[in-house]
Amino acid sequence: MEPNAALRKAVAVPAVTEAGPPMIEADNSKRTRGRPARRRSRSLVLSAAVVAVVGPAAPATAAVTPSGSWGNAQLVPGMLALDGGGLARTQTVSCASAGNCAAGGYYQSKKGWQAFVTDEAGGVWHKAQEVAAALNLGGNAAVSSVSCGSAGNCVAGGSSQPKPAAPGSGTQVAFIVTQLHGVWGAAERVPGLAHLGSDQNSGVTSVSCTSAGNCAIGGSDHGEGFVADKKNGVWSRAEEVPGLGALSLDNAGVASVSCVSPGNCAAAGSYVAAFGGPIRGFTTDEVGGRWHTAREVPGTVVNAHGFAEVTSVSCAAAGNCAAVGNYGPASNTMQVFILNEVNGHWGTAREMPGSGALDHSHGAVDPSVSCARAGDCAAVGDYSTSSSIDQQAFVIDEKGGVWGQAQAVPGLAALNTQGYAEILSVSCAAPGDCAAGGDYLASGANQAFVVNETGGVWGQAQEVPGEAALNTGGVAQLSSVSCLPRGCAAVGSYTGSGGNAFVVSEAGSPRS
């Protein structure tokens with residue numbers, strides 16, 4: 001059984017086609033701006049973990065020099081000692097300051113799928129270590145999201161299988177693990193889930209920390225969306241998202257959480273309005289430590305048909321956030337919507353500007369968003385061209401509260417010679433200064449790419465430096481990126497001789 005399979009069902013998303021265990025995707029939240037869990041149907045077979053970054057794109061003719069320089073991708077230190085050269089995947093990365101980050105994911109061992117974390121201190125990545133072993137007797141664990149409140153003080157969350165089970169069955173439970181002063185503690189079950197009715201088939205999908213000891217998490221517990229807070233180092237009991245039960249008669253889950261200060265956050269996800277009924281998106285805010293009633297995402301564009309979900313939310317200031325998601329305007333079609341919160345009031349969802357010029361096959365999916373300042377954000381995602389099997393990646397910027405037009409990632413078409421690309425993560429250090437990444441198909445091999453935005457202009461996509469030397473098996477993917485004013489870090493996976501998880505860092509001149 002793959003890690004977090006039960007949780008993916010809870011948030012009503014299709015299964016991922018991979019050789020390795022798919023799972024609830026990493027939240028990749030920044031220190032104060034959480035990112036949503038990433039969920040997509042992939043047409044490529046992936047078997048390991050990749051590192052990279054993503055950001056919004058500029059006109060295809062623009063070419064700029066990144067504010068820093070990407071180093072060479074490297075195997076996560078200590079990974080081979082854990083997985084013996086087998087399969088691994090880095091899901092998520094978060095940086096508290098330049099050269100001080102944490103990442104997590106999963107790997108395959110003789111005992112099944114295990115969860116791991118690794119951290120960077122002073123620019124040096126430390127050995128990966130297994131977490132949740134005591135909670136994972138069934139061999140099905142993964143870290144889905146990590147967030148750092150300050151250097152050496154982070155929280156990771158995911159799910160594990162506490163009891164052995166027959167193949168294809170088993171129960172997942174949500175866990176959290178805390179790093180304090182550079183030392184990772186023991187994983188523990190999310191407090192209070194049992195009082196919600198069950199902590200069975202549960203998992204953490206998103207973590208967002210604003211300072212050491214102050215975080216929020218979101219996830220799903222047996223079809224109920226939950227949130228929980230850590231205040232001054234102490235976790236509160238998990239609670240069902242207020243009002244979500246009144247909206248949802250079936251599976252519900254939190255996909256993304258983003259916090260700007262202790263007790264001031266936003267969360268978003270999806271729910272099934274009735275048994276076998278339509279899937280809807282929701283948002284909720286935490287103000288002064290109190291979570292408010294969830295509300296359905298408003299707007300004819302997302303509610304006139306039977307499917308809508310929020311995939312990502314990012315907040316730059318209290319009550320000032322952006323959210324993105326998917327909706328189905330007609331049978332077998334998918335589009336991206338954008339939604340803004342201004343001074344505590346969520347607006348109406350609308351179709352992503354410029355999608356019509358790019359997406360001729362009505363197949364825009366899987367958006368993510370990152371906000372550097374209120375009204376200044378970047379979002380990324382995928383779209384189909386006139387060919388139903390041709391998938392490309394887009395970027396779009398919000399400047400001064402106004403969203404521009406979506407555009408193809410500059411330079412990616414020249415790399416993506418076989419017509420399949422996807423962009424998985426974006427992170428902005430300052431308005432107009434972001435990074436993003438994903439993967440593309442060329443010469444029969446899947447490669448990881450990164451692209452930088454500097455001064456509001458997207459540069460040319462490039463293959464992750466050093467990735468080709470690692471990726472001898474021809475399957476690589478960028479999973480997550482986290483940026484700060486003096487650099488970024490990204491993570492992912494690849495295949496090859498002893499191939500598995502890698503990390504890569506960008507360093508150089510300040511991004512702002």
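## V301 and its surroundings

With a relative accessibility of 21%, V301 counts as partly exposed, because buried would require a value under 20%. Keep in mind that this is a predicted model. V301 belongs to helix α4, which covers residues 300-303.

Which residues does V301 touch, leaving aside those up to four places away in sequence? The contacts are Y327, A349, R350 and E351. There is also a link in space to F337: the C-alpha atoms of V301 and F337 are separated by 8.0 Å, although the two residues are 36 apart along the chain.

## Aromatic pairs

Let's turn to the rings. The structure holds 6 aromatic pairs. One of them joins Y107 and F116, whose ring centres are 6.4 Å apart with planes at 55°, so this pair is tilted. Y107 and F116 are each buried.

Another pair brings us back to residues met above. The rings of Y327 and F337 have centres 6.4 Å apart and planes at 45°, so they too form a tilted pair. Since Y327 sits in strand β25 (residues 320-327) and F337 in strand β26 (residues 335-342), the pair ties together parts that are 10 residues apart in sequence. Are these two residues buried or exposed? Both Y327 and F337 are buried.

## Putting it together

Here is how the pieces meet around V301. Y327 is among the residues that V301 touches, and the ring of Y327 pairs with that of F337. V301 itself is partly exposed, whereas Y327 and F337 are buried.

Terms used
Residues are numbered from 1 along each chain as its sequence is written. This is a predicted model: local features need pLDDT of at least 70, side-chain atom pairs count only at pLDDT 80 or more; totals for chains, interfaces and linings use all residues. Side-chain values use heavy atoms; hydrogens and water are left out. Helices (H or I, at least four residues) and strands (E, at least two) are DSSP runs, numbered from the N terminus. Buried means under 20% relative accessible area, exposed over 50%, partly exposed in between (1.4 Å probe, protein chains only). Contact means heavy atoms within 4.5 Å. Rings of Phe, Tyr and Trp (its six-membered ring) pair if their centres lie within 6.5 Å; planes under 30 degrees apart count as stacked, over 60 as edge-to-face and the rest as tilted.
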